[in-house]
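Subject: Structure handover

Hello,

Here is the structure I said I would pass on. My notes on what was found in it follow below.

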Amino acid sequence: MATTNDLKNGMVLNLDGQLWSVVWFQHHKPGKGGAVVRTKLKNVLSGKVVDKTFNADVKVDIATVDKRDMTYLYNDGEAYVFMDATTFDQMPIPPDVVGDAAHFMLENQEATVAIHEDIPLYVELPASVELTIDYTEPGLQGDRSTGGTKPARLETGYEIAVPLFITTGEKVKVDTRSGDYLGRV
């Protein structure tokens with residue numbers, strides 16, 4: 001247990017049986033009355049974001065979330081199998097927990113898996129990854145006022161928009177949060 005004065009970004013709270021991650025918080029002292037703590041909380045499982053205001057010094061239950069470095073091994077058709085880097089234990093994680101991270105994962109890639117009471121909550125990849133362009137059409141030059149883009153399929157099967165000068169077989173850097181092209185490698 002902790003108080004609302006101890007809140008920090010990234011902390012995970014257990015409120016009414018659900019896990020909420022603190023995205024933002026602010027201590028506020030109005031002209032009259034007691035101090036309050038305004039927060040923006042994100043539901044760990046559903047991703048829903050809510051604003052919640054607490055009175056200062058209210059006790060909140062902090063959930064113990066274990067973030068482990070793991071290596072993605074393979075997809076067995078039903079789940080993504082990860083291996084703990086320290087204990088070498090293998091853990092199958094369902095596709096709904098992996099989410100959009102599956103678009104950017106290759107075998108033997110490092111990832112951080114958040115676990116609460118032996119239940120995987122989410123998979124976190126590095127901010128950007130390097131992937132090879134599996135296929136893209138040749139870029140055609142034409143009349144345009146700004147740089148054009150074209151679709152390209154990555155080696156994972158996911159499609160992103162890349163500039164016209166990118167060709168099949170090139171390595172590119174991709175933002176794992178938004179799926180945007182960041183540059184050549």
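Two strands are said to pair if DSSP finds at least two bridges between them. By that rule S3 and S4 are a pair, since they run antiparallel and share eight bridges. Please keep in mind throughout that this is a predicted model.

Strand pairs and hairpins

Strand S3 covers residues 18-28 and strand S4 covers 36-43. Within this pair, histidine 28 has valine 36 of S4 as its bridge partner. S4 also pairs with strand S5 (residues 49-55), again in the antiparallel sense, over seven bridges. There, threonine 39 is bridged to lysine 52 in S5. The hairpin of S4 and S5 has five residues between the strands, and glycine 47 takes a positive phi near 85° in it.

Further along, strand S8 (residues 80-84) and S9 are joined by four bridges and are antiparallel. Methionine 83 is opposite glutamine 90 in S9. Their hairpin has five residues between the strands, and here the positive phi, near 65°, belongs to phenylalanine 88.

Strand S15 (residues 171-175) and strand S16 (residues 181-184) are antiparallel and are held by three bridges. Valine 172 has arginine 184 as its bridge partner in S16. Five residues separate S15 and S16 in their hairpin, where glycine 179 in the turn has a positive phi of about 80°.

S9 and the cores

In a regular strand the side chains alternate between the two faces of the sheet. Strand S9 (residues 90-93) has Met91 and Ile93 on a covered face, while Gln90 and Pro92 are on an uncovered one.

Ile93 also appears in the largest nonpolar core, which has 27 residues; Phe82, Ile93, Val98 and Val123 touch the most other members. Beyond its neighbours within four places in sequence, isoleucine 93 is in contact with Ala79, Tyr80, Phe82, Val98, Val113, Pro120 and Val123. There is a second, separate core of ten residues, and Met11, Leu13, Val37 and Val60 are among them.

Threonine 112 and aspartate 69

Is threonine 112 buried or exposed? Threonine 112, which lies in strand S10 (residues 109-116), has a relative accessible area of 19%, and because buried means under 20%, it counts as buried. Not counting residues up to four places away in sequence, threonine 112 touches Lys67, Arg68, Asp69, Tyr122, Val123 and Glu124.

One of those contacts, aspartate 69, is in strand S7 (residues 66-75). With the same sequence neighbours left out, aspartate 69 touches Met83, Asp84, Ala85, Ala111 and Thr112. The C-alpha atoms of aspartate 69 and alanine 101 are 15 Å apart, and the two residues are 32 residues apart along the chain.

The largest pocket

The largest pocket holds about 880 Å³ of space. It is lined by 30 residues, of which Lys42, Val44, Tyr122, Val123 and Glu124 are closest to its centre. Which elements supply at least two residues each of this lining? They are strand S3, strand S4, helix H1 (95-98) and strand S11 (119-124). S11 gives the largest share, five residues. By type, the lining has 16 nonpolar, eight polar and six charged residues.

Val123 thus turns up in several of these notes: close to the centre of the pocket, in the largest nonpolar core, and in contact with threonine 112.

Regards

Methods
Residues numbered from 1 in each chain as written. Predicted model: local features only at pLDDT ≥ 70, side-chain atom pairs only at ≥ 80, totals over all residues. Heavy atoms only, no water. 1 Å grid on protein atoms, 1.4 Å probe; cavity = no way out; pocket = protein on both sides within 12 Å on 5 of 7 lines; lining within 4 Å. Points joined across faces, edges and corners; volume = space filled by probe spheres on them. Nonpolar A, V, L, I, M, F, W, Y, C, P; charged D, E, K, R; others polar. Core = buried A, V, L, I, M, F, W, Y, C linked by side-chain atoms within 4.5 Å. Buried < 20%, exposed > 50% of the residue type's maximum accessible area, 1.4 Å probe, protein only. Contact = heavy atoms within 4.5 Å.
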